[in-house]
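Me: I have a model open and want to go through its sheet and the helices around it. Can you take my questions as they come?

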Amino acid sequence: MRIAIVGKKSDTYNYVRYIQSVSAIPVVTINSEDVCRCDALLLPGGGDITPAFFGEQNHGSRNIDTKLDILQLHAFDTALCRHIPVLGICKGMQVINVGLGGTIIQNLNADAARRHQYDQEDKYHSAVNIENAWLYHLYGEKMTVNSAHHQALGRLGRNLTVVQTCPEDGCIEAVAHETMPILGVQWHPERIDEQRTGIKGEKVLAYFLSVASASA
């Protein structure tokens, strides 16, 4: 199975390795049309999305790459129109939300930021999975996840549903589309510390590939 990663090669090494870990073929590209020649799309982590794309001025967004935002949003729209399965990780989940008309909280409050914001290494915190949602079936009701973000989903995009939250602050940690093979996680399964959490991040990708295969 070929999985497109829309991003820069210099920033996507972890995602390439992640895809290879389940014997799939990563295709790193900045050409959104390459998505049409792949079986699925992975939208990787990165900087913040240009606020104009969700109808706001900049109120704390940083590390913005508008050109890359345009490419990723176009790639997502291409996948959406062609019913190509999509997995979004961190920024990638936010791209999915914005692409479906949702918004972004540009700065978490101080308490939540201490829990989620990257500071020399990922932050680890508890998460609760909604009963019978896809993460619940993979990991059970509760788990520990790794975060590296100062923003979060605001208003949900069309037909997205929340499947995981942080119990301390309500931050949305994962979503799924109601009818299409579109999944997103705010945390980083491609680099989560299994010894620290007991979590195998490959299970997220393996599940996604099963969804992609079923929708082919």
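Me: Which strands does helix 7 lie across?
Reply: This is a predicted model. In it, helix 7, residues 202-215, lies across strand 1, strand 3, strand 4 and strand 11. Helix 7 runs at about 160° to strand 4.

Me: And helix 2, what does that one lie across?
Reply: Helix 2 (residues 66-82) lies across strand 1, strand 3, strand 4 and strand 11. Its direction is at about 150° to strand 3.

Me: What's the strand order in the open sheet?
Reply: The order is 2-1-3-4-11-10-9-6-7, so 9 strands with mixed pairing. Strand 2 and strand 7 (142-147) are the edge strands, each pairing on one side only. From one strand to the next the twist averages 25°.

Me: Back to strand 1. Is it mostly covered or mostly exposed?
Reply: Mostly covered: 4 of the 5 residues in strand 1 (residues 2-6) are buried.

Me: How many bridges does it make with strand 2?
Reply: 5 bridges, in the parallel sense, with strand 2 spanning residues 25-29. Val6 stands opposite Thr29 there. Strand 1, helix 1 (residues 13-20) and strand 2 form a right-handed β-α-β unit.

Me: What about strand 3?
Reply: Strand 3 (residues 40-43) runs parallel to strand 1, joined by 3 bridges. Ile5 is opposite Leu42 of strand 3.

Me: Strands 10 and 11, parallel or antiparallel?
Reply: Antiparallel, over 3 bridges between strand 10 (residues 172-177) and strand 11 (residues 182-185). Ala174 stands opposite Val185 in strand 11.

How values were computed:
Residues numbered from 1 in each chain as written. Predicted model: local features only at pLDDT ≥ 70, side-chain atom pairs only at ≥ 80, totals over all residues. Heavy atoms only, no water. Buried < 20%, exposed > 50% of the residue type's maximum accessible area, 1.4 Å probe, protein only. Helix = DSSP H or I, 4+ residues; strand = E, 2+ residues; numbered from the N terminus. Pairing = 2+ DSSP bridges. Right-handed = clockwise from strand over helix to strand, strands pointing away. Axes fitted to C-alpha atoms, helices over the stretch in contact; angles between N-to-C directions. Contact = heavy atoms within 4.5 Å.
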